[in-house]
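New to this one? Take a look at the sequence and the model below, then read on for a quick tour.

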Amino acid sequence: LPPPSEGAALREEFTWRQLFNGLACAECGRCDRACPGVASGAALSPKMLMHHLKESVRDGGGPILGDLVKPAEVWGCTTCFSCMDLCPVFNEHVPVLIEMRRKLVTAGEVEPRLQEAMTRLTRYGNSFGSSPRARPKWTQELAFKIKDARKEAVDCLWITGDYAAFDPRVTPVTRGFARSLNQAGVDFGILYEAEQNSGNDIRRAGEEGLFEVLMDKNVAAIGKAGHQRLVTTDPHTYHALKNEYRWTNGNGRVAHYTEVLDELIGSGKLPVLHKREMRVTYHDPCYLGRYNGLYDAPRNVLRALGATLVEMPRNRDRSFCCGAGGGRIWMEDSAEIKERPAENRVREAATLAGVTTLVVSCPKDLVMFQDALKTTGLDGKLEVKDIAQLVEQATA
């Protein structure tokens, strides 16, 4: 991401590199064809964003943000990275959009639901507006006590993320992963109420200052906990911890939970007792796949469970976004939206012959796709399962 700033609206507020994106653009349209915003009918067009930069450099005139690029276009981005990943001239659309978002946030031009999320994160350290003491509430139904990593050293320090800890649709999955760790004899713990939201999504919504606050609190809490490595169930948290936090004490060694499950099953510490012959498809989360290149671990796990994996036409680095990233999960859909990205994705999964299960490895994906099943009428024809649920069923 671009260095912290108050954002950019005028031509002179963008860097030469950002402006040069417009001049470099071949207007081939690859970015538009991959963009979930374009596919859903949102105002955003990555190609036109580059074209407007070109217009500003060539013709001058008024502000880029406001005159050439409207706020609705800026907020339409899910920061899925597909535009940048496919661009043949390596243009960087997302940093340009985030500079514009920062300017809108600085000016207070933020939609009510996003503003509410910012307020909750500021007051409570989580996007659900729950008391920090409620963060470990999901552990109460477990038959064992999870270590408090603030008080005793652990091998794995588990940073759950907000959705895995607070959303009642996701907490059963969270408990299932905890049981798998316990069954495999993993020495693990959590930070209980000391954990804060990682700040990944609010940073991409343009609130750099709030990201810094959340990061500093997490770095301080993690730094006091004795541990060998971090593990998280949320790809957005994974990306922030691995690539964007400023670690001063080597605490940045982080694994996604699919990597841990792959290790435990492969080593025999978590033996597969009940193989199931099932045809499934798998969704690659943007922040796990395109951002971090992690594709094999979840597929290794599915094969180890006995599942036959049927790939969707858009898979791995061409995977289609669920629509939740970049703070979009906190925003209202605009009136132009014809089909939400999550609806587009579950329809794609439903076309695969013999596949009745869409497997995910992200709490936000679980929520987005389960909702999409209801709105598309696919509920009962296709089910969405977290990979941790399949692992627990096969190993317990």
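Before the tour, a word on how residues are sorted: Ala, Val, Leu, Ile, Met, Phe, Trp, Tyr, Cys and Pro count as nonpolar, Asp, Glu, Lys and Arg as charged, and the others, Gly among them, as polar. By that sorting, the lining of the largest pocket has 15 nonpolar, seven polar and 12 charged residues. What you have here is a predicted model, so local features need pLDDT of at least 70 and side-chain atom pairs count only at pLDDT 80 or more, while totals for chains, interfaces and linings use all residues. Residues are numbered from 1 along each chain as its sequence is written, and side-chain values use heavy atoms, with hydrogens and water left out.

**The largest pocket**

- A pocket is an open set of points on a 1 Å grid over the protein atoms alone, where a 1.4 Å probe fits, with protein on both sides within 12 Å along at least five of seven lines; lining residues have an atom within 4 Å of a point.
- The largest pocket holds about 630 Å³ of space, where volume means the space filled by probe spheres set on the points, which are joined across faces, edges and corners.
- There are 34 residues in its lining, and Arg328, Ile329, Met331, Glu332 and Asp333 lie nearest the centre.
- Helices α3 (36-40), α6 (71-75), α9 (112-124) and α18 (363-376) each give at least two residues to that lining; helices (H or I, at least four residues) and strands (E, at least two) are DSSP runs, numbered from the N terminus.

**Helix α4 and two pairs to look at**

- Helix α4 covers residues 46-59, 14 in number, and spans 20 Å from first C-alpha to last, close to the 20 Å expected at 1.5 Å a residue (that is, 1.5 Å times one less than the number of residues).
- Several of its residues are buried, including Leu49, His51, His52 and Leu53; buried means under 20% relative accessible area, exposed over 50%, and partly exposed in between, with a 1.4 Å probe and protein chains only.
- Right after α4 comes glycine 60, with a positive phi near 70°.
- Leucine 23 sits in helix α1 (residues 16-24) and is partly exposed at 45% relative accessible area; its C-alpha is 7.7 Å from that of leucine 53, 30 residues away along the chain.
- Histidine 274, in the loop between α15 (257-267) and β6 (279-282), is also partly exposed, at 41%, and its C-alpha is 55 Å from that of histidine 51, 223 residues apart along the chain.

**Two open sheets**

- One open sheet has five strands in the order β1-β3-β2-β4-β5, paired parallel; two strands pair if DSSP finds at least two bridges between them.
- Its edges are β1 (147-148) and β5 (254-256), each with a single partner, so one side of each has no neighbour in the sheet.
- Two bridges link β1 to β3 (residues 188-190), and lysine 147 stands opposite glycine 189.
- Another open sheet has four strands, β7-β6-β8-β9, also with parallel pairing, and β7 (308-309) and β9 (383-386) are its edge strands.
- Strand β8 (residues 357-360) joins β9 through four bridges, with threonine 357 partnering glutamate 383.

**Cysteines**

- How many disulfides does the structure hold? Zero, where a disulfide is a pair of cysteine sulfur atoms within 2.5 Å.
- Cysteine 31 has cysteine 25 as its nearest cysteine sulfur, 6.2 Å away, and is buried at 8% relative accessibility.
- Cysteine 286, buried at 9%, has its closest cysteine sulfur in cysteine 321, 3.8 Å away and so too far for a bond.
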